[in-house]
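Work through the exercises below with the coordinates open, and try each task before reading its solution.

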Amino acid sequence: MAKAVAMARRGLGATYPNPCVGAVVVRRGAVVGSARSRPTGGAHAEVAALARAGASARGATLYVTLEPCRHHGRTPPCTSAILAAGVSRVVVGVIDEASHVAGKGVAALRRAGVSVAVGVGGPACAALHEHYLHHVRTGLPFVTLKAASTLDGRIAAAGGDSRWITGESARRHVHRQRALHHAIAVGAATVLADNPRLNVRWGRRSTTAGRSTLDPTPVVFDPSLRLGRPGVAALHLLDAPTLVVHTRRASAAARRRLRARGLELLEVAECPGGGVAIDAALRALGERSIRSLLVEGGGRLLGAFVSAAAWQRWLLYQAPKILGEGIPVVGGVAWDTVGASPAVEVESRRMLGVDQLLVLRPTPSE
């Protein structure tokens with residue numbers, strides 16, 4: 001199972017909206033076939049591993065990180081391939097909680113006389129598939145916040161300069177995180193100020209029309225559609241398949257201009273302060289099968305997610321620098337007392353060159 005997990009990890013980000021599953025076929029103590037999921041529409045891990053095993057799959061054990069499917073989707077059921085291959089035993093890491101699977105694959109195999117064990121390597125497999133499983137359980141994307149800050153909590157100088165707060169090692173790590181997420185979000189102010197590409201520029205794979213297979217879908221939070229105002233042009237994201245989340249305050253003219261550029265507009269409810277209601281936006285993104293969302297800022301957008309308690313992990317890259325007055329990591333929100341502020345836990349910490357990466361998660365409510 002550890003081998004199956006390791007194989008799947010190498011393909012994370014390339015199979016959205018499907019999970020990247022790992023599968024290993026073992027016969028008489030030897031690996032006779034292994035594979036991970038191919039991009040959507042391609043072979044599932046189980047089918048590819050069994051094909052590589054060939055006749056050696058008969059009577060063998062199949063280890064798979066996620067429960068095999070038994071429904072017809074873009075490809076035939078994996079359970080049919082398993083039965084046809086003559087596998088005698090299947091070891092499953094975690095159950096696929098999607099309503100069209102949810103134990104049905106395991107039940108079908110057992111009815112056919114195949115021995116099935118569930119939960120082997122469960123924690124590792126659950127961590128591997130955390131984006132997918134979170135979306136299946138909640139209908140919402142798994143949200144990862146990302147910020148690069150100085151030691152005194154600034155993401156940019158008072159004049160707006162932010163290049164570069166962190167070094168190359170940290171920036172490379174950020175691009176790997178982009179590749180692991182289904183979509184990436186920024187606010188309109190960040191787009192207008194920085195003109196970001198929001199793609200994966202390190203570790204790119206095959207490209208189509210200049211986009212990598214690992215590039216996340218860009219999402220811009222723009223309540224009043226500032227991007228659609230007259231004179232706004234030469235923005236990288238206006239030339240890429242981008243989703244713009246806005247509220248009813250957006251003018252009809254701005255909507256027409258952005259649709260004419262090929263952008264998809266998504267109207268959601270607004271919060272009392274006039275911005276995008278984060279919970280409504282996440283529901284709408286989840287309905288579009290966006291499994292995970294990397295929120296890169298700016299500070300006001302990060303503040304909105306923190307205030308809404310709408311995140312599962314936070315990647316905080318800290319550089320050994322001090323800016324004093326500047327733009328804070330979390331903007332636009334405030335808590336009256338220390339006790340009222342959100343509590344977080346440190347999941348891990350590591351050095352990336354001279355910078356420190358803190359991986360944070362919300363403290364579970366009692």
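The exercises that follow concern a predicted model, and each solution proceeds step by step.

**Exercise 1. Characterise the second largest pocket by its volume, its lining and the elements that contribute to the lining.**

Begin with the volume: the second largest pocket holds about 580 Å³ of space. Next, collect the lining, which comprises 30 residues, with Arg9, Leu12, Glu130, His131 and Leu180 lying nearest the centre of the pocket. Then assign the lining to secondary structure: the elements that supply two or more residues are helix 5 (122–128), helix 6 (130–138), strand 6 (142–150), helix 7, strand 15 (313–319), strand 17 (344–352) and strand 18 (355–362). Of the contributions to this lining, the largest share is that of helix 7, with 4 residues. Finally, sort the lining by class, which gives 13 nonpolar, 10 polar and 7 charged residues.

**Exercise 2. Decide whether His173 is buried or exposed, and list the residues it touches beyond four places away in sequence.**

First locate the residue: His173 belongs to helix 7, which spans residues 168–180. The relative accessibility of His173 is 15%, and because the cut-off for a buried residue is under 20%, His173 counts as buried. Once residues up to four places away in sequence are set aside, the contacts of His173 are Tyr317, Arg350, Leu352 and Leu357.

**Exercise 3. Locate the cis peptide bonds that join Arg163 to Trp164 and Gly297 to Gly298, and give the omega of each.**

Take the bond between Arg163 and Trp164, which is cis with an omega of about -10°; Trp164 sits in the loop between strand 7 (154–157) and helix 7. Turn then to the bond from Gly297 to Gly298, also cis, where omega is near 5°. Gly298 lies in the loop that runs between strand 14 (292–297) and helix 11 (299–307).

**Exercise 4. For Leu198 and Ser289, relate the sign of phi to the setting of each residue and its accessibility.**

Leu198 is not a glycine, yet its phi is positive, at about 60°. This residue occurs in the loop between helix 8 (188–194) and strand 9 (207–208), and Leu198 is buried, as its relative accessible area is 1%. Ser289, likewise a residue other than glycine, has a positive phi near 60° and is placed in the loop between helix 10 (278–287) and strand 14. With a relative accessibility of 31%, Ser289 is classed as partly exposed.

**Exercise 5. Identify the buried residues of helix 2, the elements they pack against, and the backbone feature just after the helix.**

Start from the helix, residues 45–53, in which Ala45, Glu46, Ala48, Ala49, Leu50 and Ala53 are buried. Then follow their contacts outward: the buried residues of helix 2 pack against strand 1 (22–27), strand 2 (30–36), strand 3 (61–66) and helix 3 (78–85). Just after helix 2 comes Gly54, with a positive phi of about 60°.

**Exercise 6. Determine how many disulfides the structure contains, and examine Cys69 and Cys271.**

A search of the whole structure returns 0 disulfides. For Cys69, the nearest cysteine sulfur is that of Cys78, 3.7 Å away; because a disulfide requires sulfur atoms within 2.5 Å, Cys69 is in no disulfide. Cys69 is buried, at 8% relative accessibility, whereas Cys271, with a relative accessible area of 29%, is partly exposed.

Methods:
Residues numbered from 1 in each chain as written. Predicted model: local features only at pLDDT ≥ 70, side-chain atom pairs only at ≥ 80, totals over all residues. Heavy atoms only, no water. Buried < 20%, exposed > 50% of the residue type's maximum accessible area, 1.4 Å probe, protein only. Contact = heavy atoms within 4.5 Å. 1 Å grid on protein atoms, 1.4 Å probe; cavity = no way out; pocket = protein on both sides within 12 Å on 5 of 7 lines; lining within 4 Å. Points joined across faces, edges and corners; volume = space filled by probe spheres on them. Nonpolar A, V, L, I, M, F, W, Y, C, P; charged D, E, K, R; others polar.
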